[in-house]
Amino acid sequence: MKSIKNKIFKIIQPADNSSILSKMFDLVIVTLILINTVTIIAATFSLSALKIRIFLIIEIVSVIIFSVEYILRLWTADLLYPEKKPFIARIKLFFSPMAIVDLLAILPFYIPFLLPIDLRILRLIRLLRLFRLFKMNRYTSGLSSIGNVLKKKSDQLVSSIFVVFLLMIISSVIMYYFENPVQPDVFSNAFSGLWWAISTFTTVGYGDIYPLTVAGKIFSAIIALLGIGLVAVPTGIISAGFMENIEDNNKQLTEDNIAKIREILEKYDSKNL
């Protein structure tokens, strides 16, 4: 039984070796994710009864495969976390981000069978199927890099976003005092200008809310120019994080190659001796 569990564990882990079964498993999962994404988009169009039945079959097959994958990952969790007891390892895996994504990917299918749900709520729950797209994070280095960067730079990102949010609140209050006497319906309270602040800071400028007074126009211009710099701060933090992540990956790759070369040389020298 233990040998079977080890084999299954190696197969369901993202293929970083020459295991053909592991690569085939990854290919099947990625293909299913892409097919499900297409079916979710296609379901928003008017479809014939035949196409609806085909999509239902695809949904059932996908859920079965994703459910089996989820169960196998929980079963082999003690191999992923060998330093922990099996039960604790499964609990840790259960609450891990990717395991939550896996659960959300299959949960919408089972909920209607377990609970009586209003059709409107059911439609919202079915939107959770889009979480299947996030399963790609396990098999693509690009999405993993984004997660690593956001995790490493989370403190800096939260600080910069918090500063921008505070400035939006302050700007909204100031604009209220400038524009309320002229536009009482548009700027009816201190928070009614928050949408204006968001569109101005992000330099989108939808034009549905705009100042009419001279003071309001001058202040709006200042906020727009200030927004160019402030909104770019999180972008700069993320860009710097990507550069650091690339450098770390290159460094790790170099170290791994050096270690392999040393291992080969050591074997060669031992044979010659």
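Let me start with helix H2, where the buried residues are Ser22, Phe25, Asp26, Ile29, Val30, Leu32, Ile33, Asn36, Thr37, Thr39, Ile40 and Ala42. I should say at once that this is a predicted model, and everything that follows is to be taken in that light. The buried residues of H2 pack against H1 and H3, and the helix itself, residues 20–42, has 23 residues and reaches 33 Å from its first C-alpha to its last, close to the 33 Å expected at 1.5 Å a residue.

Stepping back to the whole chain for a moment, the secondary structure comes to 11 helices and zero strands, so that, by the run of DSSP elements, the order from the N terminus is α-α-α-α-α-α-α-α-α-α-α. Of the 273 residues in the protein chain, buried residues make up 30%. If we take the contacts between residues at least 6 apart in sequence, 62% of them join residues at least 24 apart.

Now to the two helices that H2 packs against, H1 and H3, with one residue from each. In H1, which covers residues 2–12, I have picked Phe9. Is Phe9 buried or exposed? Phe9 has a relative accessible area of 16%, and because the limit for a buried residue is under 20%, Phe9 is classed as buried. Leaving out residues up to four places away in sequence, Phe9 touches Thr76, Leu79 and Leu80. The C-alpha atoms of Phe9 and Leu72 lie 7.9 Å apart in space, although 63 residues separate the two in sequence.

From helix H3 I have taken Phe55, which at a relative accessible area of 23% is partly exposed. Which residues does Phe55 contact, once neighbours within four places in sequence are left aside? They are Thr39, Ala42, Ala43 and Leu47, and two residues in that set, Thr39 and Ala42, also appear among the buried residues of H2. Phe55 and Thr39 are 16 residues apart along the chain, with 6.5 Å between their C-alpha atoms.

Helix H6, residues 97–114, is the next element. Its 18 residues should span 26 Å at 1.5 Å a residue, and the end C-alpha atoms are 24 Å apart, which agrees. There is nonetheless a bend of about 50° in H6 at Leu107, and a proline, Pro108, follows within four residues. Pro108 is itself one of the buried residues of H6, alongside Met98, Ala99, Val101, Asp102, Ala105, Ile106 and Ile111.

H6 also brings us to the second largest pocket, whose volume is about 620 Å³. Which helix gives the most to the lining of this pocket? That is H6, with five residues, while H3 (49–75), H4 (77–80), H6 and H8 (141–152) each supply at least two residues of the lining. The pocket is lined by 23 residues, and those that lie nearest its centre are Pro97, Met98, Ala99, Asn137 and Arg138; of these, Met98 and Ala99 are listed as buried in H6. By type, the lining residues divide into 14 nonpolar, six polar and three charged.

Finally, a residue towards the other part of the sequence: Gly229, whose place is in helix H11, residues 214–272. Gly229 is partly exposed, with a relative accessible area of 42%. The C-alpha atoms of Gly229 and Phe201 are separated by 9.3 Å, the two residues being 28 apart along the chain.

Note on methods
Residues are numbered from 1 along each chain as its sequence is written. This is a predicted model: local features need pLDDT of at least 70, side-chain atom pairs count only at pLDDT 80 or more; totals for chains, interfaces and linings use all residues. Side-chain values use heavy atoms; hydrogens and water are left out. The expected span of a helix is 1.5 Å times one less than its number of residues. The bend at a residue is the angle between axes fitted to the seven residues ending there and the seven starting there. Buried means under 20% relative accessible area, exposed over 50%, partly exposed in between (1.4 Å probe, protein chains only). Contact means heavy atoms within 4.5 Å. On a 1 Å grid over the protein atoms alone, a cavity is a set of points where a 1.4 Å probe fits but cannot get out, and a pocket is an open set with protein on both sides within 12 Å along at least five of seven lines; lining residues have an atom within 4 Å of a point. Grid points are joined across faces, edges and corners, and a volume is the space filled by probe spheres set on the points. Ala, Val, Leu, Ile, Met, Phe, Trp, Tyr, Cys and Pro count as nonpolar, Asp, Glu, Lys and Arg as charged, and the others, Gly among them, as polar.
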